[in-house]
Amino acid sequence: MKQTWRWFGPGDPVTLKDIRQAGVEGIVTSLHHVPNGNVWTRSEIRKRIELLSKYDYDWDVVESLPVHKSIKTGNSDRDMYIRNYIRSLENLSDEGVNHVVYNFMALTDWTRTDLDFYEPDGAKTIRYDAVDIACFDIFILKRKDAEKDYDPDTVKEAEKRNAELDRISRKRLIKIILMGLPGTVDDIPLEEFRKKLEIYHRLGKEGLRRNFSWFMEKVLPVAKKLNIILSIHADDPPFSIFGLPRIVSTREDLEYITGAFNSDSNALCFCTGTFGANKSNNVLKMLENFSGRISFVHLRNVKKEPDGSFYESKIFEGSLDMTAIVKLLVIEQKNRGFDCPIPFRPDHGQSVMKDFEQQTYPGYPAIGRLKALAELRGLIKAFEHTL
Ligand code: DNO
């Protein structure tokens, strides 16, 4: 397997020089400064490649080339955005970059409620709290009939939480839920969020799938011709929030995506921590089922709680059996042959030690990720030797 690292570009406090010392073999990055929907020009792409090449890196994976919301919602201007998307793919291919991650999440990219959650040992991580989400949805957003989506206990807890929230914590919760987390393209004010929610509610799962199919029909033939792999990232969290439709959350969703579009260019970016946050998902089984379609892996663990909350745990201490996951991946790697290494990256890490002295993107501290990478690397090597 190929060890890669997500770099957010020249503004990322974790520099290429640091990354080099982490011993990774490849880089995952994006042109975060280009507004969503605009064409990625060859010169912007080349600039990024040149930066990477100073440290002997290639641009292994683009994460992400975001899909514009007009495509997701099927808006009348979607033709222009699909043309731009295709042009960006052509430009990437012309510059020798041929692996692109994207998602088809409605409205929000990944969502959390707490960016400063501490483990007993003092390590800091990020958390999704089911009661905070219900509290935001029912009492702050005041979405019509929102309480019907929650069990009575959660509604009661959310009511209590709402009464306890002071002005500052209320503001903080709104900001965290609506903010653009790393890799996200839009930071949406509350009013706009309400309006956009309605568009997606009207669409429903059927409509979102229809728009996804439209997108696939347009881009897949181009990607195939250009030899580009398009890897879809799962919905995070992988269940409906705020009544939003979800189409990349479960085994059934993956069956649809891989079955309906049977092309080498249609692949899965398998994020263990994302799929693992849904208590009905059996991550090991999903890995087994779709291993042949996986082109990129995000490795992280989550600790699930009975009410649907979860936090991002240490790599071997969460609810997922990371050893068994890695074992399956190495078996898949062996089947494919070691000359076609499957790229993976340590995904979100906990902030530890000197991480507290550096302002990194939530979930993307240097040392915490390096720790997870080192642990994973050891495990992978051990399996590679013994399997
Ligand atoms: C979070 C990431 C996501 C992911 C995008 C892919 O850390 O895994 O932001 O990059 O959803 O399009």
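Me: Which hand does the crossing of helix 12 and helix 13 have?

Reply: In this predicted model, the crossing of helix 12 and helix 13 is right-handed. Helix 12 comprises residues 322–336 and helix 13 residues 366–386.

Me: At what angle do helix 12 and helix 13 pack, and how far apart are their axes?

Reply: The two helices pack at an angle of about 50 degrees, and their axes are 10 Å apart. An angle from 65 to 115 degrees would count as roughly perpendicular, and one under 35 degrees as roughly parallel. Helix 12 and helix 13 are therefore oblique to each other.

Me: How should I read the surroundings of the ligand, and which residues are the closest?

Reply: A residue is taken to be near the ligand if one of its heavy atoms lies within 4 Å of it. Here 15 residues surround the ligand, and the closest are Glu63, Ser64, Asn103, His348 and Tyr364. By class, this shell has six nonpolar, five polar and four charged residues. Strand 4, residues 99–103, supplies the largest share of the shell, with three residues.

Me: Which distances separate oxygen atoms of the ligand from the side chains of Arg6, Trp110 and His233?

Reply: A polar contact requires a pair of N or O atoms within 3.5 Å. An N or O atom in the side chain of Arg6 is 3.2 Å from a ligand oxygen atom. For Trp110, a polar side-chain atom lies 3.4 Å from an oxygen atom of the ligand. In the side chain of His233, an N or O atom is 3.2 Å from an oxygen atom of the ligand. The protein covers 99% of the 330 Å² of accessible area that the ligand has on its own.

Me: Is the peptide bond from Glu63 to Ser64 cis or trans?

Reply: Most peptide bonds are trans. The bond from Glu63 to Ser64, however, is cis, with omega near -5 degrees. Ser64 lies in the loop between strand 3 and helix 3. Another cis peptide bond joins Asp236 and Pro237, with omega about 0 degrees. Pro237 is in the loop between strand 7 and helix 9.

Me: Is the phi of Asp56 positive or negative?

Reply: Most residues other than glycine have a negative phi. Asp56 is not a glycine, yet its phi is positive, about 65 degrees. Asp56 is found in the loop between helix 2 and strand 3.

Conventions. Residues are numbered from 1 along each chain as its sequence is written. This is a predicted model: local features need pLDDT of at least 70, side-chain atom pairs count only at pLDDT 80 or more; totals for chains, interfaces and linings use all residues. Side-chain values use heavy atoms; hydrogens and water are left out. A polar contact is a pair of N or O atoms within 3.5 Å; within protein, one must be able to donate a hydrogen and the other to accept it, and residues adjacent in sequence count only if both atoms are side-chain atoms. Accessible areas come from the Shrake-Rupley method with a 1.4 Å probe; for residues, only the protein chains shown count as cover. Helices (H or I, at least four residues) and strands (E, at least two) are DSSP runs, numbered from the N terminus. Ala, Val, Leu, Ile, Met, Phe, Trp, Tyr, Cys and Pro count as nonpolar, Asp, Glu, Lys and Arg as charged, and the others, Gly among them, as polar. Axes are lines fitted to C-alpha atoms, for helices over the stretch in contact, and angles run from 0 to 180 degrees between N-to-C directions. Angles under 35 degrees count as roughly parallel, over 145 as roughly antiparallel, 65 to 115 as roughly perpendicular and the rest as oblique. A crossing is left-handed if the near helix is turned anticlockwise from the far one by less than a right angle, and right-handed if clockwise.
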